[in-house]
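Thank you all for coming; I would like to walk you through one model this morning, moving from its sheets to its helices and cores. Please have the display in front of you as I talk.

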Amino acid sequence: MRIRSALHVSTPVSAVIIAASVFLPPSLVILSIAIGKLTDQFLNPTHVPVKISFNAGKEVLAGTAATAAVALAGFTPILTDSHHIGSAGAALIATVVAWAAYTIVDELVSQALFAMLTGTPYHQRLVADWGILTVVRAGTFGIAVVTVIAYDINYWLLLLLPLLLWCIHLASGNRVRARQGNEAWQRLAEATDEFNSVDETAVLHAAVRKAAELFSTDEVEVQIRPQTGEERLVRSNGRDILFDGHPNDAPAATGFVIPIGLESYRGDADLGELRLRFRAPIKLSEREGYTLHTFAAALCTALRNAATFAETQRLADSHARAAAQDPLTRLANRRKLQQYGDEVLATGIVGVLLIDLNHFKEVNDTLGHSAGDRVLITVGERLSAAVREDDLVARFGGDEFAVILANLSAPALAEMRAHTILDALAPPIQLDDMRISVEASCGVTTASGGTIGELLRRADVAMYQAKQDGQRVVVYAHARDTADIGTLTLGGDLARAVAEDQFVVNFQPIVDLATGQVIGAEALTRWNHPDRGDLAPDRFLPAIERSGQLSAFADAVLDQALTAVSQWADAGHAIPVAVNVSPRSLLDPSFPDAVARRLAARGVQASSLVIELTESVTLSKLEVVDDVLAALRNQGIRLALDDFGTGFSSLATLARVAVDELKIDRSFVAAMNASAPGAVVRSTVDLGRSLGLIVVAEGIEREDQRQQLWELGCPAGQGHLFARAMPADRLLAALRRGHDGQPGLLAPPLHDTDTVIRLPRNRRSRRAGIGEPGQEWVP
C-alpha cells in the first residue's frame with residue numbers, strides 16, 4: 001500500500017456513522033457502511049484493491065465497535081424506540097459512547113498500518129499529530145451531538161445537516177491539506193539534508209533510501225553518467241542497497257517506472273536519471289510531482305558538489321605530491337629532503353650523501369637533453385634500489401643527488417654504504433645503440449643532531465674535495481673545511497635577519513647616456529647586521545644559498561624593490577627596477593608564482609620588473625631553469641644577462657635564454673681603452689644591437705667613459721658618475737630635483753636637442769640602416 005501522507009484524519013462520514021449508531025439498528029448500520037464505503041472506494045480510480053479492502057474493512061470494524069458500544073450501554077436506537085421522544089440525555093450519552101468506541105478502533109487500526117508502512121514505532125504514531133487530530137475528532141463529535149439535539153427539537157432540522165457537514169468538510173479539508181503540505185516540505189527538507197556529504201557514494205545511497213521513503217515506492221534507482229569515469233547505478237528498496245555498480249551488471253527490474261532527469265534548477269548539466277519504481281501503475285499528485293522535481297534538482301547539485309570536491313581533492317593530492325617530488329625522476333625534492341632530514345635527525349645517527357655525476361654535461365652536449373634526462377631517471381632508479389626502506393633519495397637539480405641514511409648504528413657505516421650505493425651506478429646505461437658509463441663523486445657526513453642544512457653544506461664541501469682529488473667518496477673533515485667561522489655564524493643569523501628586516505635595498509639609477517634621463521634602477525642589497533655593520537652581498541649570499549632562507553630573502557628583497565617602484569610611479573616617475581636573482585632561485589619551479597604574488601600585492605605591472613641573471617654554465621644547461629625563465633617571460637617580466645662576457649658560454653647562453661638586456665661588466669668599462677676589453681665592449685654593443693637587445697654598461701665613473709660608450713652605440717649605463725646606490729626615498733628626491741631644474745635628469749645631455757652629430761666614419765659604416773659614408777645621423 002502506498003502512503004501519500006502519514007497524517008491520518010477522519011472525514012465527516014465518521015460523524016454520520018456515529019450518529020447512525022444512535023439512530024439505527026446495528027445490522028443496518030454495518031450493512032450501510034460496507035455498501036457505501038465499497039461504492040465510494042471503487043469510484044476512486046487511484047485506489048488499488050488492497051487499499052479498497054483496507055479502508056472498507058476499517059470503517060466496518062469501527063462502525064461495529066460504535067454500535068456494539070451503544071448496545072452494551074443499554075440504549076435502544078432512536079428510530080426503533082417509539083418512546084424515545086424527550087429522552088435527549090440518554091441519546092447524548094449513547095452518542096459519547098459511540099464516538100469513543102469508533103475513535104479508539106479507527107485510530108488503533110489506522111496508526112498500526114502507518115507504523116508498518118513508515119517504519120516508525122507504534123507508540124510514536126499514536127501520539128503523532130495530536131493537535132490537529134484533537135480538533136478534527138472534536139468536530140466529528142460535535143456534528144453527531146448536533147444531529148441528536150436537532151432531531152429531538154424538530155427532525156426537520158436534519159435537512160440542514162448535509163449543508164453543515166459540507167461546510168465542516170471544506171474547513172477541515174483545507175486545514176488538513178495545509179498540514180499535509182507542511183509535512184511534505186518537512187520530509188523533503190529532511191531528505192535533502194542527507195545530501196550535505198561531499199562523498200559521492202554517501203549522496204547516492206542517501207538519495208535512493210530517502211526517495212523510497214518520500215514517495216512510498218517499491219524501489220528507487222539512480223543512474224549517473226559522470227564526465228570522467230564509468231557510469232554507475234545504485235538501487236534500493238528503501239531499507240537496503242540492492243545494487244551499486246555498472247548499469248550493465250545490474251539485475252533486471254520490473255514494474256511501473258517514473259523517471260526524471262538529474263538536472264540543475266536552470267535545466268542544464270544533465271548528470272543521469274532518477275527512477276521511482278512501483279509494482280502497479282500510479283499517478284503522482286501535483287504536489288508530489290513538484291516535490292520530485294525539487295528532489296532531483298537537489299540531488300543533481302549534491303552530485304556536482306561531490307564531483308567538484310573529488311576533483312579538488314585530486315588536484316590537492318597531485319599538488320602535494322608535486323611539491324615534494326622532482327618532476328623528472330619522481331624522487332623527493334629539496335623540500336621533502338629538508339622535512340625528512342629534520343625528522344630523522346631527532347631519532348639517532350644520520351648520514352648524508354651528496355652525489356654529483358662526473359662529466360654529465362658532455363652527455364647533454366653530445367647526445368642532447370633527452371638522453372641526459374634518461375640517464376638521470378636511470379640513476380634515480382638505481383639509487384632508490386640501493387638504499388634501505390627508511391632511507392631517502394632526492395634530486396637536488398641538475399646532476400646532483402642527495403641520500404639520507406637514517407638510523408645508522410655507527411657513523412663509520414655511512415662511508416661503507418656510500419661505496420655500495422655508488423657501485424649500483426657502475427653498470428653501463430643503454431641509450432638506443434649506445435652504452436654510457438656513469439661515474440660519480442660523493443661527499444659523506446654524519447651527525448646525530450644539528451640541522452639538515454648544515455649537514456648538506458658539509459656533504460657539499462666533501463663532494464667538491466672528492467672531485468678535486470679524483471676520488472669516489474670523501475668523508476667530511478672539519479680541518480679541510482674552507483668555510484670561515486664568520487660565514488657559519490652569519491648562517492645562524494639569517495632567520496633573525498629576515499624576520500627583523502635587516503636586509504636593506506638601495507637603488508642605483510640607470511640613465512640614458514645621451515640625455516642623462518633616468519630610465520631604470522638596479523636594486524642592490526646590503527645586510528645591516530646589528531654587530532658587524534653593513535655587509536656587502538658577497539659576504540652573505542653564499543650563506544643564504546646554503547641555508548633554507550633563500551626563498552624568504554628573495555621575497556624580502558623583491559617586496560622592497562616593488563614597493564619603491566610603486567612609490568616612484570605614484571610620484572609620476574614610472575621607471576622599472578632590476579633585481580639580481582640567485583641561480584638557485586631559478587632551480588625552484590615555484591619561484592615565478594612567488595614573483596607574481598609580489599607583483600599583485602604591490603600593484604606593479606610585470607613590465608616594471610627586470611630579473612638580472614648571472615651568466616654561468618649552469619644557467620645554460622638546466623631545463624628546469626628554462627621552464628622558470630619561460631614562466632617569468634610569460635608574465636611579461638623582462639630578463640637581463642648580468643656581467644656579460646665574464647662567463648664561459650656567453651653566446652651559448654644567449655642562444656638558449658631569451659633575454660631583453662645585456663649588462664657589460666664594470667671590469668671591461670674600466671679597461672675600455674685597452675685592446676681586449678675595448679673589443680669586448682664593442683662586440684657586446686654590436687651583438688646587442690643586432691639582436692634587438694638593450695645594452696647597459698656598469699661602473700661608469702668618468703665623463704669620457706660615458707662619451708666613448710655612447711659613441712660605440714651603448715644606449716644606457718650606470719655608475720658613480722651619475723649616482724651611487726641610495727635608498728628609494730632619496731632617489732625619488734633626486735628625480736624630483738633633477739639636473740638644472742629638469743626633473744628626471746641626473747646628468748646634462750651630451751648634446752643639445754636637434755643638434756646634428758657627425759659620427760666617426762667607421763661607426764656609420766657598421767650601423768645597419770644608416771646609409772652611405774658621409775651621411776649624418778641625429779640621435
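Let me begin with a question: which residue in strand 8 is the bridge partner of L354? The partner is A402, and I will build outwards from that pair. Before I do, please bear in mind that this is a predicted model, in which local features need pLDDT of at least 70 and side-chain atom pairs count only at pLDDT 80 or more, while totals for chains, interfaces and linings use all residues. Residues are numbered from 1 along each chain as its sequence is written, and side-chain values use heavy atoms, with hydrogens and water left out.

When I speak of helices (H or I, at least four residues) and strands (E, at least two), I mean DSSP runs numbered from the N terminus, and two strands pair if DSSP finds at least two bridges between them. Strand 6 and strand 8 pair in the antiparallel sense over seven bridges. On the other hand, strand 7, residues 392-397, pairs with strand 8 over five bridges, again in the antiparallel sense, and there A394 stands opposite A402. The hairpin of strand 7 and strand 8 has two residues between the strands, and in it G398 takes a positive phi near 65 degrees.

These strands belong to an open sheet of five, in the order 7-8-6-11-12, with mixed pairing. Strand 7 and strand 12, the latter at 473-475, are the edge strands, each pairing on one side only. Neighbouring strands of this sheet are turned by 20 degrees against each other on average, direction ignored, where axes are lines fitted to C-alpha atoms, for helices over the stretch in contact, and angles run from 0 to 180 degrees between N-to-C directions. Strand 11, residues 440-447, runs parallel to strand 12 and is joined to it by three bridges, with V444 partnered by V475.

How much of strand 8 is covered? Eight of its nine residues are buried, where buried means under 20% relative accessible area, exposed over 50%, and partly exposed in between, with a 1.4 Å probe and protein chains only. N407, which lies in strand 8, is partly exposed at 40% relative accessible area, and N407 has a positive phi of about 55 degrees although it is not a glycine. H359 also has a positive phi, near 60 degrees, without being glycine; H359 sits in the loop between strand 6 (349-357) and helix 11 (360-367), and is exposed with a relative accessible area of 56%.

That loop leads us to the helices. Helix 11 packs against helix 12, residues 369-386, at an angle of about 140 degrees, with the axes 6 Å apart. That angle makes helix 11 oblique to helix 12, given that angles under 35 degrees count as roughly parallel, over 145 as roughly antiparallel, 65 to 115 as roughly perpendicular and the rest as oblique. Contact, meaning heavy atoms within 4.5 Å, is made by F360, V363, N364 and L367 of helix 11 with H369, A371, G372, V375 and L376 of helix 12.

Now to the cores, where a nonpolar core is a set of buried Ala, Val, Leu, Ile, Met, Phe, Trp, Tyr and Cys residues joined through side-chain atoms within 4.5 Å. In the largest, which has 76 residues, F503, F507, W568, L609 and L709 touch the most other members, and helix 17, residues 550-570, gives the most to this core, with nine residues. A second, separate core of 30 residues includes V363, V375, L422 and L431.

I will finish with a charged side chain. Is K663, in strand 19 (residues 661-664), buried or exposed? K663 is buried, with a relative accessible area of 1%. Its side chain makes a polar contact of 3.1 Å with that of E522 and another of 2.8 Å with that of Q718. By polar contact I mean a pair of N or O atoms within 3.5 Å; within protein, one must be able to donate a hydrogen and the other to accept it, and residues adjacent in sequence count only if both atoms are side-chain atoms. Not counting residues up to four places away in sequence, K663 also touches others, including E612, D642, D643 and E698.
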